[in-house]
Amino acid sequence: MRVLSPDHLAAQLRHPHGEHALVVAESMNRSNGDLNRAAIALLSITPGEQVLEIGPGNAAFAPDLLRTPHSRYVGVDVSAAMVEAGTAVLAMHGLQDRAEVHLGDAHALPLDTACIDAALAVNTLYFWDELKFPFAELARVLRPGGRLCLAFGDAAFMRTLPFTAHGFHLHELAEVEQALRSAGLTVQGWRAHHETGRSNDGREVSKHFHLLLARR
């Protein structure tokens, strides 16, 4: 794939589409791999739980979320290309009976109220115009006692990436915590995640992320 301009890369990260969709998805998997694994570990899925992932891309990390017995998975993505690719990945791993990916977004989740035990959103909140509506939806679908893990880049770090100037909403940690509380979710834990690696634009960078764990 040719190197995308910052505005075109930002558009693909927001909504993978067209000829670059699958390649961009694989790039995101490589760039976000360690962060996803850290978030999954913090979420700590237990046997029999129903798991939701917002913005799963091609569902590359669904197998990690389904390691515990009898757990089930649903992904919700805004990209039809990612729903198709994710469905294929689940079938490739033999998980189609325990997992599915739906077209939709966090502002109006295609899910019943109080049906989810654990929810995960990694590097997705930049694409929400306001935090209150997706957080209210996540609070709605979580069962009492259910938990949410959010992983997102520190605003100061994210501003160093040229593509984030094109439609990314960057949020300070305190702002995200307050929005969670306003949605009726209790913040139970925070971890900093630091790593050195390639960003989605191919540059070697020192990354700084926040991991937040909240409970319904």
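Trainee: Is E130 buried, partly exposed or exposed?

Mentor: Relative accessibility is what you read for that. E130 comes out at 40%, so it counts as partly exposed. Keep in mind that this is a predicted model. E130 also has a charged partner: K132 forms a salt bridge with it, the closest N and O atoms being 3.9 Å apart.

Trainee: How many salt bridges does a search of the whole structure find?

Mentor: Seven. For each pair, look at the N to O distance, then at where the two residues sit. Take E49 and R147, whose side chains meet at 2.6 Å, N to O. That pair links distant parts of the chain: E49 is in the loop between α2 and β1, R147 is in strand β5, and 98 residues separate them.

Trainee: Are E49 and R147 buried or exposed?

Mentor: Both are buried. Now set that beside a local pair. R140 forms a salt bridge with E137, with the closest N and O atoms 2.7 Å apart. These two both lie in helix α5, residues 132-141, and are three residues apart, about one turn of the helix.

Trainee: Which accessibility class does each partner of that pair fall into, R140 and E137?

Mentor: You judge each residue separately. R140 has 25% relative accessibility, so it counts as partly exposed. E137 has 13%, and therefore counts as buried. Other residues of α5 are buried too, among them P134, F135, L138, A139 and V141.

Trainee: What do the buried residues of α5 pack against?

Mentor: To read packing, you list the elements that the buried side touches. For α5 the list is β1, β4 (116-122), β5 and α7 (173-182).

Trainee: Let's move to α2. How does the span of helix α2 set against that of a straight helix of 23 residues?

Mentor: You work out what a straight helix would cover and check it against the ends. At 1.5 Å a residue, 23 residues would span 33 Å, but α2 (residues 21-43) spans only 28 Å between its end C-alpha atoms. Then scan along the helix for a bend. In α2 there is a kink of about 65°, centred on N32.

Trainee: What follows α2?

Mentor: Check the backbone angles just past the helix. S44 comes after α2, and its phi is positive, near 55°.

Trainee: Where does A38 lie, and what is it in contact with beyond its neighbours within four places in sequence?

Mentor: Contacts like these tell you which parts of the chain come together. A38 lies in helix α2. Setting those neighbours aside, A38 is in contact with H193 and L211. You can also use C-alpha distances: A38 and R191 are 153 residues apart in sequence and 9.7 Å apart in space.

Trainee: Where is H193, and is it buried or exposed?

Mentor: H193 lies in strand β6. With a relative accessible area of 13%, H193 is buried. For a buried polar side chain, look for a polar partner. The side chain of H193 makes a polar contact with the side chain of E195, at 2.6 Å. Not counting residues up to four places away in sequence, H193 touches D34, L35, A38, K207, H208, F209 and L211.

Trainee: In which sense do β6 and β7 pair, and over how many bridges?

Mentor: For strands, read the direction, then the register. Strand β6 (residues 186-198) pairs with β7 in the antiparallel sense over 12 bridges. For register, G197 has V205 in β7 as its bridge partner. The hairpin of these two strands has five residues between them, and there G202 takes a positive phi near 90°.

Trainee: Which strand does β7 pair with over seven bridges?

Mentor: That is β5 (residues 142-153), which pairs with β7 (residues 204-215) in the antiparallel sense. One pair to find on screen is C149, standing opposite L213 in β7.

Trainee: And why is strand β2 described as largely enclosed?

Mentor: Count buried residues along the strand. In β2 (residues 72-77), five of the six residues are buried, so the rest of the structure largely encloses it. Then look to each side. β1 and β2 pair in the parallel sense over five bridges, and β2 pairs with β3 (residues 99-103) in the parallel sense, also over five bridges. Y73 helps you follow the register: it is the bridge partner of V51, and it stands opposite A99 in β3.

Notes. Residues numbered from 1 in each chain as written. Predicted model: local features only at pLDDT ≥ 70, side-chain atom pairs only at ≥ 80, totals over all residues. Heavy atoms only, no water. Pairing = 2+ DSSP bridges. Helix = DSSP H or I, 4+ residues; strand = E, 2+ residues; numbered from the N terminus. Expected span 1.5 Å × (residues − 1). Bend = angle between axes of the 7 residues up to and from the residue. Salt bridge = Lys/Arg side-chain N within 4 Å of Asp/Glu carboxyl O. Buried < 20%, exposed > 50% of the residue type's maximum accessible area, 1.4 Å probe, protein only. Polar contact = N/O pair within 3.5 Å; in protein donor to acceptor, adjacent residues only side chain to side chain. Contact = heavy atoms within 4.5 Å.
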